[in-house]
Amino acid sequence: MNVQSPIADARLLFRNGLVFDGSGTPPAPGDVVVRGNTIESVRVGGGTVAEPGDVVVDCTGATVMPGLVESHAHLTFPSAVGHLDTRFNPPLDVSFFRELPPPDELLAIARRNAAILLRAGFTSAYSAGSLTPVPTEVHLKAELEQGISRGPRLRTASFERDNNPVRLGPRGPEPKATGPAAVRDFVREQAELGFDSVKLLLSNDDVFVPGGSRVTQYSAAEAAAAGEQARASGVLLNCHAQSSQAVELAVRQGFRSIYHCTYADEAAIDLLEEHKDEIFLSPAVGIMWANVHEGAEFGIDAGRAEAMGSVAALAAQQELYRELRRRGLRVLPGGDYGFPNNPIGRNARDLQLFVDLFGYTPAEVLRAATHLGGLLMQRPVGLLTGGYLADLLVVQGDPCRDVSRLADPANLLAVLQDGEFVHRAPQLRSELAGAR
């Protein structure tokens with residue numbers, strides 16, 4: 001008997017497979033019991049007795065694990081698997097901004113991307129910034145929470161403020177206010193729009209300006225103003241920070257999630273270590289790998305990748321993040337998916353890159369993508385333990401032996417969110433306990 005959907009209020013009993021609970025310990029045979037939207041119990045060794053009415057899911061040859069967390073999501077970026085948009089391919093093409101889609105179309109793009117990301121096994125997403133000033137993510141989050149749309153649990157983030165004194169708008173160059181007061185206004189305004197976090201580009205980027213990644217765009221007073229206003233407004237701060245000075249500003253002013261950190265020097269690394277229980281780091285290695293190795297089809301050949309700074313950045317990240325791993329910092333996979341050569345839906349590719357480039361074991365990177373991701377989200381997700389939300393995956397084989405299995409959707413036999421099957425492969429068999 002193959003039960004395609006559980007009866008209301010029935011328990012789900014996943015058994016006969018391995019269980020990876022997200023803590024980093026190796027997978028072991030066991031059972032996972034789900035009731036409603038929460039995990040009721042996890043029993044190492046198995047042996048859970050099925051109650052009449054239980055839906056018993058046979059996980060033979062598979063691993064039950066927590067849903068993945070994307071730590072650096074850009075759901076408003078236009079490219080996703082099966083939906084590539086070369087109009088947003090900086091620095092070669094940014095024509096997307098010359099004729100921005102209307103708000104309803106931007107929301108439709110975000111809805112589509114959220115559904116694709118959820119199907120790829122990411123049941124939660126922490127935003128690293130919206131593409132435009134329109135509060136698309138705020139509207140999307142409301143739809144997700146109301147069940148109008150399906151996608152990962154979402155922590156939203158504002159449009160990325162770059163602190164450039166000149167804004168290039170549709171009417172040409174326009175002056176833009178800088179200084180502590182302007183930064184305070186921005187943080188307050190974004191909080192009032194309903195964003196969970198506010199993003200600042202504390203450093204520039206080589207894609208925009210040669211050598212830009214080593215240029216810090218905010219003064220100490222401006223960064224301090226951001227931190228003070230964020231605390232007053234009850235929002236979190238995240239940032240693009242590649243220069244050492246930008247990394248230090250972020251740590252000292254209470255930024256919670258710091259992206260890239262590419263050129264952090266020894267002093268910045270020491271400061272990161274000193275505050276390692278307060279911050280989360282997301283290198284976004286996937287886009288650098290894509291620029292260096294997978295961009296030719298979209299105009300990013302070897303010479304262009306070098307000029308964009310991607311070659312140097314990838315080399316610097318390999319050295320830096322091996323050291324940050326050694327020091328025990330909370331480094332999470334994922335980030336900067338949504339470009340033509342790095343589309344949303346391929347996010348799990350980062351897991352193997354952490355193993356190959358940064359020296360993580362598969363269990364270590366899976367712990368980062370689940371348990372640490374749950375801490376980032378500030379929600380009871382990322383672990384298989386009693387009382388946590390029932391966001392889980394059933395994966396063919398053992399991802400702690402081969403973490404690249406998660407990058408192939410064919411290996412995802414089931415994706416559950418809140419105890420409901422978002423995706424279920426036909427070969428995943430189940431039966432109703434007590435049925436005759």
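Two strands pair if DSSP finds at least two bridges between them, and the strands themselves are DSSP runs (E, at least two residues) numbered from the N terminus, as are helices (H or I, at least four). Keep this in mind for the exercises below.

The model is predicted, so local features need pLDDT of at least 70 and side-chain atom pairs count only at pLDDT 80 or more, while totals for chains, interfaces and linings use all residues. Residues are numbered from 1 along each chain as its sequence is written, and side-chain values use heavy atoms, with hydrogens and water left out.

**Exercise 1.** Find out how strand β15 pairs with β16.

*Solution.*
- Step 1: Locate strand β16 at residues 412-417; four bridges link β15 to β16, in the antiparallel sense.
- Step 2: Pick one bridge: L392 is partnered by L416 in β16.
- Step 3: Now look at β5 (residues 62-66), which runs antiparallel to β15 and is joined to β15 by five bridges. Here A62 stands opposite Q396 of β15.
- Step 4: Check the cover. Of the five residues in β15 (392-396), four are buried, where buried means under 20% relative accessible area (1.4 Å probe, protein chains only).

**Exercise 2.** Work out the strand order of the open sheet that contains β13, and name its edges.

*Solution.*
- Step 1: Recall that strands of a sheet pair through backbone hydrogen bonds, either parallel or antiparallel.
- Step 2: Read the order: the four strands run β11-β12-β13-β14, with parallel pairing.
- Step 3: Name the edges. β11 (197-201) and β14 (280-282) each have a single partner strand, so one side of each lacks a neighbour in the sheet.
- Step 4: Add the twist, which averages 20° from one strand to the next; axes are lines fitted to C-alpha atoms, for helices over the stretch in contact, and angles run from 0 to 180 degrees between N-to-C directions.
- Step 5: Zoom in on β13 (residues 257-260), joined to β14 by three bridges. One of the partners is F280 in β14, which bridges to S257.

**Exercise 3.** Describe how helices α1 and α2 cross.

*Solution.*
- Step 1: The axes of α1 (residues 103-119) and α2 (residues 136-146) come within 10 Å and cross at roughly 50°.
- Step 2: Classify the angle. Under 35 degrees is roughly parallel, over 145 roughly antiparallel, 65 to 115 roughly perpendicular and the rest oblique; α1 and α2 are therefore oblique to each other.
- Step 3: List the residues in contact (heavy atoms within 4.5 Å): among them are L106 and A110 of α1, and H139 and L140 of α2.

Note on methods: Buried means under 20% relative accessible area, exposed over 50%, partly exposed in between (1.4 Å probe, protein chains only).
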